[in-house]
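Trainee: I am new to this structure and would be grateful for a close look at a single part of it. Please choose a part of the surface, describe it carefully, and then relate it to the rest of the chain.

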Amino acid sequence: VKNLITNKKGYTLVGHLANKLGRIAADSMGGKESKFNGFTDAYSITVFNNKIFTAGLTEKIAVDSGFEIATVIGSFPDRAEYDPEVKTLVAKLVYEKSSMKLLGLQIAGEGEGKNFIDVFLVLLSQGKTIYDLIEVGQGCDTSHSLPLSLLNCIGFMAVNQEEDGIKNIGPAQASSFHGTFVDLRERNEVDLAPFPENSTHIPLA
């Protein structure tokens, strides 16, 4: 079956695609023309209290597939921070550097990330870019909604990296960085996940 990201034939273990193919087979048997355009992989798994979601290509698979890629990684709340049930999510976006085309998204943490993955999967299957992430809307409920979606935020990070030279540094690069980090987080965030020793804490608020 054709992978809509790589445009190459491949295999997928996603169950809902098998159900879609079943519908296409039923249409065919009923004399109705029906077409399956291809697939984009999406998986999720829960390990103890942590949930891991992925859609599209990981960084390694994208490189192995011949893409010249860039990535951004960040930490985000899964809902409004004043919600007592708020949890933290870490998300990594993979995109093609030349075209800004979306290639993949991975989300992990104790929070709920499936809704973000579901929206991203639609954009991915349509060949959208990092600029389309910025335009993603969301239903607003002041009791728990985020001011900006995780998808908006990580899209802005990618645009900042490409247009303004604000390079995103992930954990691997941070561990080997020789210099001083300025930590702008709130005190409770620092206490929850302390930064390396070579950092100065200057909270924004």
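**A nonpolar patch and its setting**

Mentor: From the start of the sequence to its end, helices and strands follow one another in the order α-β-β-α-β-β-β-α-α-α-α-β-α-β. That makes seven helices and seven strands. Please bear in mind throughout that the model is predicted.

Before the part itself, a few overall values will help. The C-alpha trace extends over about 65 × 40 × 35 Å along its principal axes. The protein has 205 residues, and 35% of them count as buried. Its exposed area is about 12500 Å², of which 56% is supplied by carbon and sulfur atoms. Among contacts with a separation of 6 or more, 53% join residues that stand 24 or more positions apart.

The part I have chosen is a nonpolar patch on the surface. Four residues, I45, V47, F48 and I52, make this patch, and its area is about 420 Å². Two of its members deserve individual attention. F48 is located in the loop that links β1 (42–47) to β2. With a relative accessible area of 80%, which is over the 50% cut-off, F48 is therefore classed as exposed. The backbone of F48 is also noteworthy: its phi is near 55°, a positive value in a residue other than glycine.

I52, by contrast with the loop position of F48, belongs to strand β2, which covers residues 50–56. The relative accessibility of I52 is 38%, so this residue counts as partly exposed. The patch thus draws on I52 as well as F48, the one partly exposed and the other exposed.

A second loop residue may be set beside F48. M100 likewise has a positive phi, about 65°, although M100 is not a glycine. M100 is placed in the loop between β4 (88–96) and β5 (102–109). Here the accessibility is 15%, and M100 therefore counts as buried, whereas F48 is exposed.

From the nonpolar patch we may turn to the charged side chains. There are 19 positive and 25 negative side chains, and the centres of these two sets are 10 Å apart. Eleven salt bridges are found when the whole structure is searched. One of them joins D64 to K60, with 2.8 Å between the closest N and O atoms. Because D64 and K60 are four residues apart in helix α2 (residues 59–64), about one helical turn separates them. Both of these residues are exposed.

Another salt bridge is formed by the side chains of D78 and R79, at 3.2 Å from N to O. R79 also forms a salt bridge with E85, where the closest N and O atoms are 3.7 Å apart. The two acidic partners sit in contrasting surroundings: D78 is buried, at a relative accessible area of 9%, while E85 is exposed, at 54%. Through shared partners, the salt bridges link D78, R79 and E85 into one network.

Two further residues complete the setting. N152 is found in helix α5, which spans residues 150–163. The relative accessibility of N152 is 4%, so N152 counts as buried. Leaving aside residues up to four places away in sequence, N152 touches L133, I134, E135 and V136.

T180 occupies the loop between α6 (171–175) and β6 (181–183). At 54% relative accessibility, T180 is counted as exposed. Leaving aside residues up to four places away in sequence, T180 touches N198, S199 and T200. T180 and P196 are separated by 16 residues in sequence, and their C-alpha atoms by 9.4 Å in space.

To return to the chosen part: I45, V47, F48 and I52 form the nonpolar surface patch, with F48 contributed by the loop between β1 and β2 and I52 by strand β2.

How values were computed. Residues numbered from 1 in each chain as written. Predicted model: local features only at pLDDT ≥ 70, side-chain atom pairs only at ≥ 80, totals over all residues. Heavy atoms only, no water. Patch = residues over 30% accessible without salt bridge, like charges linked within 9 Å, V, L, I, M, F, W, Y side chains within 5 Å. Areas by Shrake-Rupley, 256 points an atom, 1.4 Å probe, with all protein chains shown as cover. Helix = DSSP H or I, 4+ residues; strand = E, 2+ residues; numbered from the N terminus. Buried < 20%, exposed > 50% of the residue type's maximum accessible area, 1.4 Å probe, protein only. Contact = heavy atoms within 4.5 Å. Lys, Arg positive; Asp, Glu negative; His and termini not counted. Charge placed at Lys NZ, Arg CZ, Asp CG, Glu CD.
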